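Let's walk through this structure together, one region at a time. Keep the viewer open and follow along.

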Amino acid sequence: MKICLILAKSNFKGKWLIGDGKKMPWHVPEDLKRFSALTRGNAVIMGSGTWRSIGSKPLKGRANIVLSRSDAEFDGAKKAKSLEEALEICRSSGCEKVFVIGGEGPFNQALPMADEVFVTEIAGRFSGSVFAPNLSVSPQWRQSEKGEWKRSRIERRGYRFLKFVKRKKELNE
Ligand SMILES: NC(=O)c1ccc[n+]([C@@H]2O[C@H](COP(=O)([O-])OP(=O)(O)OC[C@H]3O[C@@H](n4cnc5c(N)ncnc54)[C@H](OP(=O)(O)O)[C@@H]3O)[C@@H](O)[C@H]2O)c1
C-alpha cells in the first residue's frame, strides 16, 4: 500500500505554514480541485482538528479515517486511536493508496513511512501556527516535480504544484 501526504503550504520564516488551527489561511479552489482529483477513490487519514476544519463531514468518494484518542464518534468516518491503527484499517480493507491529509501531528508521524508528498505552494505572506515538515531542506526527500506558477481565479493568488519523493534508502546511508 502506497502512503502519500498531500498538503498546501506557504513559506513562513523557512517553515511550511499550513493553517491557523481552524482553517487554511487562503482560498485557492484550484488546489482543492487537485486535492479532490488525487485523493478520490482512495482512503484519507486526518486528525480530528482537520476533520473539524472541513466541516465535520466526510470527503465524498473516499474512505475517511479520523485520528482521535477521545471517545467522540465521527459521522461518516471511521475512527482510529493511532496512525498505525488507521493504516491497518486501510490495509485490511484492501486500499492500494492512502493519503494522510493533515494536520501537523499526522504529517510528522506519517512522513517516515511515506513514499510521496503532493504539495501546493501558495504565494504570499500568511500567519498561523500549524506547520508541515519542510521537505525542501530534508536530505531524505527529493523534489521530483515543480509546476509553473499560476494565478488562481480568486484574487489572482499565485500557486504552483510540487511533488516530493523519498530518496532510495542507500542514498541516505
Ligand atoms: N494546508 C493544508 O494542507 C492543511 C491540511 C490539513 C489541515 N490544515 C490545517 O491545519 C489545522 C488543523 O490541524 P492541527 O494540526 O491543528 O490538528 P490535527 O492534526 O488535524 O488534529 C489534532 C488531533 O488529532 C488527533 N490525533 C492526531 N494524531 C493522532 C494520533 N497519532 N493518534 C490519535 N489521535 C491523533 C488528536 O485528536 P483528539 O484531541 O480528538 O484525541 C489531536 O488533538 C487547521 O488550521 C487546518 O485548516 C491544513
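## Around the ligand

In this predicted model, a polar backbone atom of Gly21 sits 2.9 Å from an oxygen atom of the ligand. Two serines join the picture through their side chains. Ser48 places a polar side-chain atom 2.9 Å from a ligand oxygen, and in Ser68 a side-chain N or O atom is 2.6 Å from an oxygen atom of the ligand. On its own the ligand has 930 Å² of accessible area, and the protein covers 82% of this.

Which elements give two or more residues to the shell around the ligand? They are S1, strand S2 (15-19), helix H2 (48-53) and H4. The largest share comes from H2, with 4 residues. If you colour the shell by residue type, you will find 10 nonpolar, 13 polar and 6 charged residues. There are 29 residues around the ligand, and those that come nearest are Ala8, Thr50, Ser68, Arg69 and Gln109. Ser68 is thus one of the nearest residues as well as the partner in the 2.6 Å pair with a ligand oxygen.

## Two helices and their buried sides

Now turn to helix H3, which spans residues 83-92. Its buried residues are Leu83, Ala86, Leu87, Ile89 and Cys90. Viewed down the helix axis, these buried residues of H3 fall within an arc of 155°, so they line one face. A general rule helps here: an α-helix has 3.6 residues a turn, so residues three or four places apart point the same way. On the face of H3 turned away from the buried side you will see Glu84 and Ser92, both exposed.

What covers the buried residues of H3? The cover includes strands S1 (2-12), S3 (43-47), S4 (63-67), S5 (78-80) and S6 (97-100), together with helix H4 (104-110). Following H3 comes Gly94, with a positive phi near 80°.

Helix H1 covers residues 29-39 and is home to Asp31. The buried residues of H1 are Pro29, Glu30, Asp31, Arg34, Phe35, Ser36 and Thr39. They pack against S1, S3, S6, S7, S10 and S11. Just after H1, Gly41 has a positive phi of about 85°.

## Two acidic residues to look at

Stay with Asp31 for a moment. Is Asp31 buried or exposed? Its relative accessibility is 6%, so Asp31 counts as buried. Beyond its neighbours within four places in sequence, Asp31 is in contact with Ala8, Met24, Thr120 and Phe161. Ala8 is also among the residues that come nearest to the ligand. Trp16 is 15 residues away from Asp31 along the chain, and the C-alpha atoms of these two are separated by 16 Å.

The second acidic residue is Glu116, found in strand S7 (residues 116-122). Glu116 has a relative accessible area of 11%, which is under the 20% cut-off, so this residue is buried. Which side chain makes a polar contact with the side chain of Glu116? The partner is Lys2, at 3.2 Å. Setting aside neighbours within four places in sequence, Glu116 touches Lys2, Ile3, Cys4, Leu5, Trp141, Lys163, Phe164 and Val165.

## Backbone details in the loops

To finish, take a look at the backbone. Most residues other than glycine have a negative phi, and most peptide bonds are trans. With that in mind, three spots in the loops are worth a visit.

Lys13 is a residue other than glycine with a positive phi, near 50°. Look for Lys13 in the loop between S1 and S2. Its relative accessibility is 75%, so Lys13 counts as exposed.

Arg156, again not a glycine, has a positive phi near 50°. This arginine lies in the loop between strand S10 (150-151) and strand S11 (158-166). At 55% relative accessibility, Arg156 counts as exposed, because the cut-off for exposed is over 50%.

The last stop is a peptide bond. From Gly102 to Gly103 the bond is cis, with omega near -5°. You will find Gly103 in the loop between S6 and H4. H4 is among the elements that give two or more residues to the ligand shell, which brings the tour back to where it began.

Terms used: Residues numbered from 1 in each chain as written. Predicted model: local features only at pLDDT ≥ 70, side-chain atom pairs only at ≥ 80, totals over all residues. Heavy atoms only, no water. Buried < 20%, exposed > 50% of the residue type's maximum accessible area, 1.4 Å probe, protein only. Arc of directions from axis to C-beta. Contact = heavy atoms within 4.5 Å. Near = heavy atom within 4 Å. Polar contact = N/O pair within 3.5 Å; in protein donor to acceptor, adjacent residues only side chain to side chain. Areas by Shrake-Rupley, 256 points an atom, 1.4 Å probe, with all protein chains shown as cover. Nonpolar A, V, L, I, M, F, W, Y, C, P; charged D, E, K, R; others polar.
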